[in-house]
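Got the viewer open? Good. Load the chain, colour it however you like, and follow along one selection at a time.

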Amino acid sequence: MTDDDDLRALMRRADPTNAHPPLDDARIRRVVAAAERDDLAPAPRKRARLLLAGASLGAVATAAGAALIAGLVATPALQAPGPTGGYVTCEVPTAAELRTNDTAYEALVTGVDDGVVTLEVSHVFTGTPDATVELPQSRTPSGDDLFVTGRTYLVASTGGFTDDCLTGPATAELRAVYEQAFGPGTGG
(Lines give C-alpha, C1' and ligand atoms only; values in the text may rest on other atoms or scores of the structure.)
Protein backbone atom coordinates (compact mmCIF):
# COMPACT_ATOMS: atom_id res chain seq x y z
CA MET A 1 0.00 0.00 0.00
CA THR A 2 1.23 3.43 -0.90
CA ASP A 3 0.84 6.66 1.01
CA ASP A 4 -1.87 7.69 -1.47
CA ASP A 5 -3.88 4.54 -0.79
CA ASP A 6 -3.62 5.17 2.94
CA LEU A 7 -4.72 8.76 2.46
CA ARG A 8 -7.72 7.68 0.30
CA ALA A 9 -8.75 5.11 2.92
CA LEU A 10 -8.49 7.75 5.63
CA MET A 11 -10.64 10.17 3.62
CA ARG A 12 -13.32 7.51 2.95
CA ARG A 13 -13.61 6.81 6.66
CA ALA A 14 -13.88 10.53 7.40
CA ASP A 15 -16.53 11.14 4.70
CA PRO A 16 -20.00 11.26 6.38
CA THR A 17 -21.71 10.17 3.14
CA ASN A 18 -19.61 7.02 3.04
CA ALA A 19 -22.36 5.14 4.88
CA HIS A 20 -24.89 5.99 2.15
CA PRO A 21 -25.01 4.13 -1.16
CA PRO A 22 -23.98 6.15 -4.21
CA LEU A 23 -26.80 7.98 -6.03
CA ASP A 24 -28.05 6.30 -9.22
CA ASP A 25 -28.54 8.34 -12.42
CA ALA A 26 -32.30 8.72 -11.92
CA ARG A 27 -31.83 10.11 -8.41
CA ILE A 28 -29.14 12.52 -9.61
CA ARG A 29 -31.49 13.83 -12.36
CA ARG A 30 -34.31 14.34 -9.81
CA VAL A 31 -32.00 16.26 -7.46
CA VAL A 32 -30.71 18.47 -10.31
CA ALA A 33 -34.25 19.09 -11.62
CA ALA A 34 -35.43 20.04 -8.14
CA ALA A 35 -32.51 22.43 -7.76
CA GLU A 36 -33.31 24.07 -11.12
CA ARG A 37 -37.02 24.31 -10.23
CA ASP A 38 -36.20 25.96 -6.91
CA ASP A 39 -34.63 28.98 -8.53
CA LEU A 40 -32.83 30.90 -5.86
CA ALA A 41 -32.55 34.04 -7.97
CA PRO A 42 -35.79 35.74 -6.72
CA ALA A 43 -34.65 35.74 -3.13
CA PRO A 44 -31.86 38.24 -3.72
CA ARG A 45 -34.32 40.46 -5.63
CA LYS A 46 -36.70 40.39 -2.68
CA ARG A 47 -33.87 41.30 -0.41
CA ALA A 48 -32.81 44.02 -2.80
CA ARG A 49 -36.38 45.39 -2.85
CA LEU A 50 -36.56 45.25 0.92
CA LEU A 51 -33.20 46.94 1.22
CA LEU A 52 -34.28 49.58 -1.31
CA ALA A 53 -37.58 50.11 0.55
CA GLY A 54 -35.74 50.33 3.86
CA ALA A 55 -33.22 52.76 2.44
CA SER A 56 -36.06 54.85 0.98
CA LEU A 57 -37.89 54.96 4.31
CA GLY A 58 -34.64 55.88 6.02
CA ALA A 59 -34.04 58.66 3.52
CA VAL A 60 -37.58 60.00 3.97
CA ALA A 61 -37.24 59.89 7.76
CA THR A 62 -33.88 61.63 7.57
CA ALA A 63 -35.28 64.32 5.25
CA ALA A 64 -38.29 64.86 7.53
CA GLY A 65 -36.04 65.16 10.56
CA ALA A 66 -33.75 67.59 8.76
CA ALA A 67 -36.74 69.69 7.64
CA LEU A 68 -38.08 69.78 11.19
CA ILE A 69 -34.73 70.81 12.63
CA ALA A 70 -34.21 73.37 9.86
CA GLY A 71 -37.67 74.81 10.60
CA LEU A 72 -36.90 75.11 14.27
CA VAL A 73 -33.57 76.74 13.59
CA ALA A 74 -34.92 79.04 10.86
CA THR A 75 -37.82 80.24 13.03
CA PRO A 76 -36.30 81.77 16.10
CA ALA A 77 -38.68 81.85 19.00
CA LEU A 78 -39.05 85.41 20.06
CA GLN A 79 -40.15 86.24 23.50
CA ALA A 80 -43.47 87.89 23.94
CA PRO A 81 -43.71 90.49 26.59
CA GLY A 82 -44.96 88.28 29.33
CA PRO A 83 -44.88 84.48 29.35
CA THR A 84 -45.78 83.02 32.71
CA GLY A 85 -45.65 79.93 34.80
CA GLY A 86 -43.64 77.23 33.14
CA TYR A 87 -41.32 79.24 30.91
CA VAL A 88 -43.61 79.58 27.92
CA THR A 89 -41.97 80.74 24.72
CA CYS A 90 -44.22 82.98 22.66
CA GLU A 91 -44.22 84.37 19.17
CA VAL A 92 -44.13 88.10 18.59
CA PRO A 93 -47.66 89.42 19.31
CA THR A 94 -49.81 90.25 16.34
CA ALA A 95 -52.99 92.28 16.00
CA ALA A 96 -54.83 89.19 14.76
CA GLU A 97 -53.89 87.28 17.91
CA LEU A 98 -54.92 90.19 20.11
CA ARG A 99 -58.34 90.38 18.45
CA THR A 100 -59.10 86.88 19.80
CA ASN A 101 -59.25 88.40 23.31
CA ASP A 102 -62.40 90.01 24.67
CA THR A 103 -60.60 92.37 27.05
CA ALA A 104 -57.48 94.47 26.55
CA TYR A 105 -56.28 97.31 28.71
CA GLU A 106 -53.31 99.25 30.05
CA ALA A 107 -52.82 99.30 33.79
CA LEU A 108 -50.38 100.33 36.51
CA VAL A 109 -49.25 97.73 39.05
CA THR A 110 -50.12 99.17 42.45
CA GLY A 111 -49.08 96.17 44.49
CA VAL A 112 -47.98 92.56 44.53
CA ASP A 113 -48.91 90.49 47.56
CA ASP A 114 -48.49 86.76 47.98
CA GLY A 115 -48.47 86.11 44.24
CA VAL A 116 -51.44 88.35 43.52
CA VAL A 117 -50.88 91.46 41.38
CA THR A 118 -53.19 94.46 41.79
CA LEU A 119 -53.58 96.68 38.73
CA GLU A 120 -55.25 100.06 38.30
CA VAL A 121 -56.71 100.20 34.80
CA SER A 122 -55.88 103.48 33.05
CA HIS A 123 -56.75 102.80 29.39
CA VAL A 124 -59.21 100.35 27.82
CA PHE A 125 -58.75 99.06 24.28
CA THR A 126 -61.66 96.63 24.36
CA GLY A 127 -64.00 95.03 26.89
CA THR A 128 -65.14 96.34 30.25
CA PRO A 129 -62.52 95.58 32.87
CA ASP A 130 -63.06 96.78 36.43
CA ALA A 131 -61.11 99.87 37.52
CA THR A 132 -59.00 97.61 39.74
CA VAL A 133 -57.98 94.15 38.54
CA GLU A 134 -56.21 91.36 40.39
CA LEU A 135 -54.13 88.79 38.51
CA PRO A 136 -51.80 85.99 39.53
CA GLN A 137 -48.14 86.92 39.23
CA SER A 138 -46.54 85.75 35.99
CA ARG A 139 -42.94 84.71 35.35
CA THR A 140 -40.54 85.69 32.62
CA PRO A 141 -38.59 82.96 30.80
CA SER A 142 -35.66 83.67 33.11
CA GLY A 143 -37.89 82.95 36.12
CA ASP A 144 -38.25 86.53 37.31
CA ASP A 145 -41.60 88.06 38.29
CA LEU A 146 -43.21 89.75 35.30
CA PHE A 147 -45.32 92.30 37.14
CA VAL A 148 -43.38 94.84 39.18
CA THR A 149 -44.99 97.45 41.40
CA GLY A 150 -44.93 100.93 39.85
CA ARG A 151 -44.70 99.77 36.23
CA THR A 152 -47.36 99.94 33.54
CA TYR A 153 -48.48 96.88 31.55
CA LEU A 154 -50.67 96.01 28.62
CA VAL A 155 -52.96 93.11 29.48
CA ALA A 156 -55.06 90.95 27.16
CA SER A 157 -57.55 88.39 28.43
CA THR A 158 -60.45 86.22 27.37
CA GLY A 159 -63.15 85.06 29.71
CA GLY A 160 -61.19 86.45 32.65
CA PHE A 161 -58.00 84.52 31.81
CA THR A 162 -54.93 86.55 30.97
CA ASP A 163 -53.17 85.74 27.71
CA ASP A 164 -49.60 85.33 28.91
CA CYS A 165 -48.10 85.71 25.45
CA LEU A 166 -49.91 88.97 24.69
CA THR A 167 -49.49 90.62 28.09
CA GLY A 168 -46.38 92.54 28.98
CA PRO A 169 -44.72 95.82 29.87
CA ALA A 170 -46.32 98.79 28.11
CA THR A 171 -43.69 99.41 25.48
CA ALA A 172 -44.34 101.60 22.43
CA GLU A 173 -44.08 98.51 20.18
CA LEU A 174 -46.63 96.48 22.13
CA ARG A 175 -48.97 99.47 22.45
CA ALA A 176 -48.85 99.90 18.66
CA VAL A 177 -49.97 96.28 18.20
CA TYR A 178 -52.81 96.81 20.71
CA GLU A 179 -53.90 99.95 18.84
CA GLN A 180 -53.70 98.13 15.52
CA ALA A 181 -55.93 95.38 16.91
CA PHE A 182 -58.51 97.45 18.77
CA GLY A 183 -58.05 101.07 17.76
CA PRO A 184 -57.02 103.91 20.08
CA GLY A 185 -59.23 102.81 22.95
CA THR A 186 -60.54 105.01 25.75
CA GLY A 187 -59.09 106.54 28.87
CA GLY A 188 -55.71 107.70 30.03
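What is the mean pLDDT of the chain, and what share of its residues reach 70 or more? The mean is 78, and 67% of the residues reach 70 or more; pLDDT is the predictor's confidence in each residue, from 0 to 100. Now select residues 70-80, where the pLDDT is below 50. Beyond near neighbours in sequence, this stretch has 12 contacts in the model, a contact being heavy atoms within 4.5 Å.

Two ground rules before we move on. This is a predicted model, so local features need pLDDT of at least 70 and side-chain atom pairs count only at pLDDT 80 or more, while totals for chains, interfaces and linings use all residues. Residues are numbered from 1 along each chain as its sequence is written, and side-chain values use heavy atoms, with hydrogens and water left out.

**Stop 1: the whole chain**

Switch to a cartoon view. You should find five helices and seven strands; these are DSSP runs, numbered from the N terminus, with helices being H or I of at least four residues and strands E of at least two. Walk along the sequence and the pattern reads α-α-α-α-β-β-β-β-β-β-α-β. Of the 188 residues, 23% count as buried. Here, buried means under 20% relative accessible area, exposed means over 50%, and partly exposed is in between (1.4 Å probe, protein chains only). Among contacts with a separation of 6 or more, 53% come from residues 24 or more positions apart.

Turn on the surface next. The chain exposes about 12,600 Å², and carbon and sulfur atoms supply 59% of that. Accessible areas come from the Shrake-Rupley method with a 1.4 Å probe, and for residues only the protein chains shown count as cover.

**Stop 2: helix H1**

Select residues 3-14, which is helix H1. Leu 7 lies in this helix and is partly exposed, at 46% relative accessible area. Add Leu 10 and Met 11 to the selection: with Leu 7, they make a nonpolar surface patch of about 310 Å². (Patches are made of residues with over 30% relative accessible area and no salt bridge; like charges are joined within 9 Å, nonpolar side chains (Val, Leu, Ile, Met, Phe, Trp, Tyr) within 5 Å.)

Stay in H1 and show Arg 8 and Asp 5. Their side chains meet in a salt bridge (3.7 Å, N to O), meaning a side-chain nitrogen of Lys or Arg within 4 Å of a carboxyl oxygen of Asp or Glu. The two sit three residues apart, about one turn of the helix. An α-helix has 3.6 residues a turn, so residues three or four places apart point the same way.

**Stop 3: helix H5**

Jump to residues 172-182, helix H5. Which residues of H5 are buried? They are Leu 174, Val 177, Tyr 178, Ala 181 and Phe 182. They cover an arc of only 110 degrees around the axis, which puts them on the same side of H5; the arc is that of the directions from the helix axis to the C-beta atoms. Spin the helix around: the face turned away from the buried side carries the exposed residues Ala 172, Glu 173 and Gln 180.

What do the buried residues pack against? Show helix H4 (95-98) and strands E1 (103-113), E2 (116-126), E4 (152-158) and E6 (168-169) to see their partners. Just after H5, click on Gly 183, which takes a positive phi of about 90 degrees.

**Stop 4: two more salt bridges**

A search of the whole structure finds three salt bridges. Select Arg 175 and Glu 106, whose side chains meet at 3.0 Å, N to O. Arg 175 lies in helix H5 and Glu 106 in strand E1, so the pair ties together parts that are 69 residues apart in sequence. Glu 106 is buried, at 11% relative accessible area, whereas Arg 175 is partly exposed, at 24%.

Then select Asp 145 and Arg 139, whose closest N and O atoms are 1.9 Å apart.

**Stop 5: Gly 150 and Ser 157**

Finish with Gly 150, in the loop between strand E3 (132-136) and E4. Buried or exposed? Gly 150 is exposed, with a relative accessible area of 53%. Leaving aside neighbours within four places in sequence, Gly 150 is in contact with Leu 108 and Val 109.

Last click: Ser 157, in strand E4, which counts as buried at 8% relative accessibility.
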